[in-house]
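User: Please walk me through this model in short questions and answers.

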Amino acid sequence: MEVDYIFKIAAIGIIVAVLNTLLIKSGREEQAMLTTLAGVIIVLMMLIPQISELFKSAKSLFDL
């Protein structure tokens, strides 16, 4: 995994945390939950190709 992915995930986490805090303070708990869920989905969509590559390399390593 490249360092760029770690920085992107950290940036998304910081943005989601700030938005979550702002929305909770303003009394919009539902939107805060949806923002958090959207952040998790975005990060998972970023990681799916990397996980696929990991499985491919493990498969070729063990000749399965």
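**Surface and overall form**

User: How much area does the protein chain expose, and what share do carbon and sulfur atoms supply?

Analyst: This is a predicted model, where local features need pLDDT of at least 70, side-chain atom pairs count only at pLDDT 80 or more, and totals for chains, interfaces and linings use all residues. Residues are numbered from 1 along each chain as its sequence is written, and side-chain values use heavy atoms, with hydrogens and water left out. Accessible areas come from the Shrake-Rupley method with a 1.4 Å probe; for residues, only the protein chains shown count as cover. The protein chain exposes about 5,300 Å², and the carbon and sulfur share is 73%.

User: Why is the protein chain more spread out than a compact globule?

Analyst: The protein chain has 2 helices and 0 strands. Helices (H or I, at least four residues) and strands (E, at least two) are DSSP runs, numbered from the N terminus. The globule rule (2.2 Å times the number of residues to the power 0.38, with the radius taken over C-alpha atoms) gives 11 Å for 64 residues, so the chain is more spread out, its radius of gyration being 16 Å.

User: Is Met-45 buried or exposed?

Analyst: Met-45 lies in helix 2, residues 29–61. Buried means under 20% relative accessible area, exposed over 50%, partly exposed in between (1.4 Å probe, protein chains only). At 55%, Met-45 is exposed.

User: How far apart in space are Leu-19 and Val-3?

Analyst: Leu-19 is found in helix 1, residues 3–25. Leu-19 and Val-3 are 16 residues apart in sequence. From C-alpha to C-alpha, the distance is 25 Å.
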